[in-house]
Amino acid sequence: MSETLQTTDAAASDADLLGQTATAVRAAGSALRERFGEVVHHQTREELMRALAANDDTALDILRPRLTRLRPGAGWVEDELDGGALPPGEWWVVDPAEGNVNHLHALPEWAVTATLVRDNQPVLTVIHLPLTGETYTALTGGGAHLDGRPLHVSRAADLGLSIVATSQARPDEDEEVVRRVGSSITAMLFDALVVRTAVPATLHLVNVAAGRIDAFWQFAGARADLLPGALLVTEAGGRISDAEGRPWTPRSESLLAAAPGVHAGAVATLSR
């Protein structure tokens with residue numbers, strides 16, 4: 001079989017796998033939607049962690065067996081706080097309840113995500129928003145889509161006319177990172193039109209890919225937070241780097257996702 005034909009067959013296989021992954025992610029989202037609506041009260045960190053775990057388990061009970069059947073030899077990563085490179089081979093990187101704290105507080109900003117990573121390169125991703133029914137997908141070399149419609153980043157060319165966004169540092173984040181987040185928000189308040197700050201990161205990255213906002217940045221961060229949206233933005237024509245403009249990898253200490261026309265301006269602002 002020729003190399004060209006082998007490549008075509010692999011692409012077709014990944015495209016089929018993307019559709020099957022989307023079905024599994026939507027099913028997990030439906031289960032979480034049934035648990036949504038009332039604020040889940042907690043008085044201690046232990047109670048909070050149990051409530052978060054209950055949501056995760058609800059989605060994972062659906063995702064793990066279905067995705068494992070699709071790729072029996074793939075490894076499994078479900079720790080949304082983990083980062084860094086993965087061992088060689090295929091891995092499912094899953095966030096069963098991205099924005100889990102929002103879900104517990106009856107806020108609408110949450111999602112279910114699953115990304116297949118092959119030799120540390122994201123191959124396909126699915127991001128499902130159960131409350132709106134929207135499903136965002138991306139396939140390497142196949143573009144980014146919202147419910148089948150192609151996505152494109154914005155044509156913004158002036159950071160001063162742009163909406164930008166970031167997400168807050170984790171409660172247990174290193175003090176230096178927290179201060180850097182604060183400084184970057186201050187810098188953007190001077191240079192950008194509007195600065196949005198909220199969690200989770202994935203939903204900001206979805207908005208960059210859809211052209212609704214023009215740039216997103218984050219310091220530190222985790223693999224499951226950033227890989228799905230990074231692939232989506234790339235396939236929608238956006239620029240992905242670290243905050244200094246260097247190539248981004250899951251080992252990077254920052255991420256910047258932006259429309260090409262404002263990427264350099266955002267790097268300049270974040271580097272001050």
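**Exercise 1. In this predicted model, find which residue of β3 stands opposite valine 94, then work out how β2 pairs with its neighbours.**

Step 1. Valine 94 has alanine 114 of β3 standing opposite.

Step 2. Look next at the two strands as a whole: β2 and β3 (residues 111-118) run antiparallel and are joined by seven bridges.

Step 3. Now turn to β1 (residues 75-77), which runs parallel to β2 and is joined to it by three bridges. Here glycine 75 is placed opposite tryptophan 91 of β2.

Step 4. How many residues of β2 are buried? Taking buried as under 20% relative accessible area, eight of the nine residues in β2 (residues 90-98) qualify, so the strand is largely enclosed by the rest of the structure.

**Exercise 2. Check the length of helix α2 and locate its bend.**

Step 1. α2 covers residues 45-70, which is 26 residues, and at 1.5 Å a residue the helix should span 38 Å.

Step 2. Its end C-alpha atoms lie 36 Å apart, which agrees with that expectation.

Step 3. Where does α2 bend? The bend is at leucine 60 and comes to about 35 degrees. Leu60 is also among the buried residues of α2, a list including Ala59, Ile62 and Leu63.

**Exercise 3. Describe the second largest pocket and its lining.**

Step 1. Start with the space: the pocket holds about 310 Å³.

Step 2. Count the lining: 15 residues, with Asn120, Gln121, Pro122, Leu227 and Trp248 nearest the centre. β4 (121-129) and α6 (223-235) are the elements giving two or more residues.

Step 3. Which element gives the most? That is α6, with five residues.

Step 4. Sort the lining by character: eight residues are nonpolar, five polar and two charged.

Technical notes
Residues numbered from 1 in each chain as written. Predicted model: local features only at pLDDT ≥ 70, side-chain atom pairs only at ≥ 80, totals over all residues. Heavy atoms only, no water. 1 Å grid on protein atoms, 1.4 Å probe; cavity = no way out; pocket = protein on both sides within 12 Å on 5 of 7 lines; lining within 4 Å. Points joined across faces, edges and corners; volume = space filled by probe spheres on them. Helix = DSSP H or I, 4+ residues; strand = E, 2+ residues; numbered from the N terminus. Nonpolar A, V, L, I, M, F, W, Y, C, P; charged D, E, K, R; others polar. Expected span 1.5 Å × (residues − 1). Bend = angle between axes of the 7 residues up to and from the residue. Buried < 20%, exposed > 50% of the residue type's maximum accessible area, 1.4 Å probe, protein only. Pairing = 2+ DSSP bridges.
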